[in-house]
Amino acid sequence: MSEESFETILFGHAGDVATITLNRADKLNSVNRTMHAELRVALDRVATSGARCLVLTGAGRGFCAGQDLAERRRGADDAPPDLGAGLDTLYNPLVRRLRALPLPTVAAVNGIAAGAGANLALACDIAVAARSASFVQAFARIGLVPDCGGTWFLPHLVGRARALALAMTAERLPAERAAEWGLIWSCVDDADLAATVAALAASLAALPTGALVATRRAIDAATTNDLDTQLDLERDLQREAGRSADYREGVTAFLEKRAPRFTGR
Ligand code: LHQ
């Protein structure tokens, strides 16, 4: 296990699993410019580290409270900010990067996930939350629209009625209900979160990485494709998967009645 400490995040690597821990616990791990810059470095490292699963989590009692609003404090005479520029240069590249990582991603939601923090969790492939955690689309409370993919993730995951109510009321959604609604994969007792996620990440890291990433691609494309287009996409991805060493190993192991040893190639 190696762990590198940045100013606002920790980057750990154990076996085939990389972990990024948002680490501004006193500010509920809200995201400032330094954290954006450090996340870019850490994600570069994930992509080159040979890791086959990434876990994203938070230090302390929060997962992430979204944008650090202290960074956005304005004087009475300041011109209105261009928040679109912040999304273009910081948040949107981060969400796109997470969705395009060549390995599965797991959000271990250890506590409150608010604003952009909630939607970063939803951008991961699988979100597991501690029972005491909750999700808040806090944007309406400060006069904003959900961002970081929130207006896409929410209706796709829980449907329009719940998406709109979550976004408009900015009410806290407890982790247990988030799991019941299908916003996240599962909710576990707080004491079990670390072990549950470690086991999940280790099992994902031992699976055929390329096939998992292609599966993400197909599932995401299904939100806009019609069935014909999707069948063609599945054909193309399966063609590629069929050429992988992992496919050969999977079939061989099945026929030899042994556990497969996937390498991610
Ligand atoms: C914070 C924050 C925070 C700074 C807690 N910033 N300090 C994108 C593009 C450009 C611009 C704008 O935004 C975006 C995306 C966004 O994410 S917008 C949404 C931003 N996030 C929010 O509006 C959430 C703000 N936070 C809260 O509503 C509460 O803190 C929640 C509901 C998350 C938690 O409440 P509590 O459990 O009662 O904790 P707390 O409020 O006491 O917070 C603890 C500390 O963390 C406190 O600091 P202090 O020094 O007073 O102890 C807070 O000020 C600080 N903190 N969120 N986003």
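This is a short tutorial dialogue on reading some features of a predicted model.

Trainee: Let's begin with the ligand. How many residues surround the ligand, and which are the closest?

Mentor: Remember as we go that the model is predicted. Around the ligand there are 25 residues, and the closest are Lys-27, Ala-65, Gln-67, Leu-69 and Ala-116.

Trainee: What kinds of residues make up that shell?

Mentor: Sort the shell by the character of its residues: 13 are nonpolar, 4 are polar and 8 are charged.

Trainee: Which polar backbone atoms lie at short range from the ligand's nitrogen and oxygen atoms?

Mentor: The idea is to look for pairs of N or O atoms within 3.5 Å. Here, a polar backbone atom of Gln-67 is 2.8 Å from a nitrogen atom of the ligand. Leu-69 also has a backbone N or O atom 2.8 Å from a ligand nitrogen. On the oxygen side, a polar backbone atom of Ala-116 sits 2.9 Å from an oxygen atom of the ligand.

Trainee: How much of the ligand does the protein cover?

Mentor: On its own, the ligand has 1,000 Å² of accessible area, and the protein covers 71% of it.

Trainee: And which elements give two or more residues to the shell?

Mentor: Those are helix H2 (83-100) and strand S7 (112-114). H2 gives the most, with 3 residues.

Trainee: Now to rings. What describes a pair of aromatic rings?

Mentor: Two values do: the distance of the centres and the angle of the planes. This structure holds 1 aromatic pair. Trp-152 and Phe-153 form it, with 5.6 Å centre to centre and 80° between the planes. The pair is edge-to-face because planes over 60 degrees apart count that way.

Trainee: Are the two partners buried or exposed?

Mentor: Compare each relative accessible area with the cut-offs: buried means under 20%, exposed means over 50%, and partly exposed is in between. Trp-152 has 34%, so it is partly exposed. Phe-153 has 5%, so it is buried.

Trainee: Let's try a strand residue. Where does Ile-9 lie, and what does it touch?

Mentor: Ile-9 lies in strand S2 (residues 9-14). With a relative accessible area of 0%, Ile-9 is buried. Not counting residues up to four places away in sequence, Ile-9 touches several residues, including Ile-20, Leu-22, Met-35 and Leu-39. Leu-22 is 13 residues from Ile-9 along the chain, yet their C-alpha atoms are separated by 4.6 Å.

Trainee: What about Thr-8: is it buried or exposed?

Mentor: Thr-8 is buried, with a relative accessible area of 2%. Thr-8 lies in the loop between strand S1 (2-5) and S2. Its side chain makes a polar contact with the side chain of Glu-38, at 2.6 Å. Leaving aside neighbours within four places in sequence, the contacts of Thr-8 include Thr-21, Asn-32 and Thr-34.

Trainee: One more feature, the backbone angle phi. What is the phi of Cys-148?

Mentor: Check the sign of the angle, and then check whether the residue is a glycine. Cys-148 has a phi near 60°, a positive value in a residue other than glycine. Cys-148 is placed in the loop between strand S9 (134-136) and helix H4 (150-158), and it is buried at 2% relative accessible area.

Trainee: And where does Lys-257 lie?

Mentor: Lys-257 lies in the segment after helix H10 (245-255). Its phi is positive, about 55°, although Lys-257 is not a glycine. At 79% relative accessibility, Lys-257 counts as exposed.

How values were computed
Residues are numbered from 1 along each chain as its sequence is written. This is a predicted model: local features need pLDDT of at least 70, side-chain atom pairs count only at pLDDT 80 or more; totals for chains, interfaces and linings use all residues. Side-chain values use heavy atoms; hydrogens and water are left out. A residue is near a molecule or strand if one of its heavy atoms lies within 4 Å of it. A polar contact is a pair of N or O atoms within 3.5 Å; within protein, one must be able to donate a hydrogen and the other to accept it, and residues adjacent in sequence count only if both atoms are side-chain atoms. Accessible areas come from the Shrake-Rupley method with a 1.4 Å probe; for residues, only the protein chains shown count as cover. Helices (H or I, at least four residues) and strands (E, at least two) are DSSP runs, numbered from the N terminus. Ala, Val, Leu, Ile, Met, Phe, Trp, Tyr, Cys and Pro count as nonpolar, Asp, Glu, Lys and Arg as charged, and the others, Gly among them, as polar. Rings of Phe, Tyr and Trp (its six-membered ring) pair if their centres lie within 6.5 Å; planes under 30 degrees apart count as stacked, over 60 as edge-to-face and the rest as tilted. Buried means under 20% relative accessible area, exposed over 50%, partly exposed in between (1.4 Å probe, protein chains only). Contact means heavy atoms within 4.5 Å.
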